[in-house]
Amino acid sequence: MVSLKTNLCGIELDNPIIPASGTFGFGYEFAEIYDINCLGTFSFKGTTKEPRFGNPTPRIAECERGMINAVGLQNPGVDKVISEELPKLRKCFHKPVMANVSGFSIEDYVEACKKLDKEDIVGWFEINISCPNVHGGGMSFGVSPELAGNVTRAVKAVTTKPVIIKLSPNVTDIVAIAKACEEAGADGISLINTLLGMKIDLRRKKPVIANKMGGFSGPAIKPVAVRMIYQVYDAVKIPIVGGGGVSCAEDVIEMMLAGASAVEVGAANLVDPYACKKIIEDLPRAMEKYGIKDLKDIIGGAH
């Protein structure tokens with residue numbers, strides 16, 4: 001028998017598979033088609049302090065080997081997530097869940113995390129620092145080691161759960177930012193968020209997306225993700241959640257060899273709602289093919 005178990009910031013997972021935020025809603029929609037308790041955990045829809053309607057449409061564009069989205073963090077706000085979404089989630093998911101939090105100022109992150117920290121079902125925070133800092137001229141928190149460290153410190157000061165910082169790949173030195181987060185007290189790093197992309201409609205001769213640019217995800221970005229996970233694993237001592245273009249069991253093994261303790265599956269859920277279930281079911285076959293008995297043993301094994 002092979003072992004799929006892994007450990008993420010002190011919490012044991014039955015397997016390393018985590019549907020990524022923004023591709024799995026609050027879980028209960030997927031629970032209508034299969035038992036989502038087969039998952040390691042999942043990262044629920046990015047939540048902000050205030051409700052957000054999101055960006056104008058169109059905000060999704062299919063591309064070669066991927067897709068571009070500029071949804072704009074549409075969500076009902078943290079108060080409604082707690083009062084309406086989490087009660088529905090508790091009925092169908094009986095494991096700790098990852099709370100993905102976004103913000104446009106440090107105060108936004110602090111307020112949302114402070115409220116969600118009281119919820120028993122929340123096992124970890126995944127802090128998305130790819131958002132533009134409204135008090136910093138619109139520059140993303142995730143492109144500066146100093147700003148990334150500031151967000152990490154502020155969130156750690158108001159939470160009791162492990163804090164995983166989700167980093168933007170749209171930077172020149174991912175290692176410096178990961179190290180700044182670790183030094184500021186982060187319990188883990190999540191790699192990677194979407195790459196900035198664009199698609200132009202040849203007939204209209206205009207960008208397809210109303211926002212012009214958006215987050216590029218899908219199989220095409222996996223080599224970038226693997227490279228960044230590999231670099232950051234060498235630089236920090238805290239766990240890494242890998243993600244970016246994962247669509248099969250072999251992709252999961254590759255990311256764990258690069259240094260990931262758990263692996264997020266994003267765009268694949270939008271192509272096939274059973275993607276995560278199929279990957280979990282196929283992992284024992286892939287492990288046996290490559291002579292792997294215990295997934296924990298291969299974390300960082302390519303170094």
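**A tour of two sheets and a helix**

Begin by selecting strand β10, residues 195–198, where Met-198 is placed; helices (H or I, at least four residues) and strands (E, at least two) are DSSP runs, numbered from the N terminus. The model is predicted, with local features needing pLDDT of at least 70 and side-chain atom pairs counting only at pLDDT 80 or more, while totals for chains, interfaces and linings use all residues. Residues are numbered from 1 along each chain as its sequence is written, and side-chain values use heavy atoms, with hydrogens and water left out.

Is Met-198 buried or exposed? Met-198 counts as partly exposed because its relative accessibility is 42% (buried means under 20% relative accessible area, exposed over 50%, partly exposed in between, with a 1.4 Å probe and protein chains only).

Next, add Leu-196, Ile-200, Leu-202 and Met-213 to Met-198: together they form a nonpolar patch on the surface with about 540 Å² of accessible area. Patch residues have over 30% relative accessible area and no salt bridge (a side-chain nitrogen of Lys or Arg within 4 Å of a carboxyl oxygen of Asp or Glu); like charges are joined within 9 Å, and nonpolar side chains (Val, Leu, Ile, Met, Phe, Trp, Tyr) within 5 Å. Areas come from the Shrake-Rupley method with a 1.4 Å probe, and for residues only the protein chains shown count as cover.

Now display the open sheet of four strands, ordered β4-β5-β13-β10 with antiparallel pairing; two strands pair if DSSP finds at least two bridges between them. Its edge strands are β4 (60–63) and β10, each pairing on one side only. Four bridges join β10 to β13 (residues 213–217), and Gly-197 stands opposite Gly-214 in β13.

Move to the open sheet of seven strands, whose order is β3-β15-β14-β9-β8-β7-β6, with parallel pairing. At its edges are β3 and β6 (97–101), each of which pairs on one side only. Within this sheet, three bridges join β9 (residues 188–191) to β14, and Leu-191 stands opposite Gly-242 in β14.

Finally, select helix α7, residues 249–258, of whose 10 residues seven are buried. The buried residues are Ala-249, Asp-251, Val-252, Ile-253, Met-255, Met-256 and Ala-258. Their cover includes β1 (6–8), β3 (17–19), α6 (222–235), β14 (240–243), β15 (262–265) and α9 (275–289), where contact means heavy atoms within 4.5 Å. Just after α7 comes Gly-259, with a positive phi near 140°.
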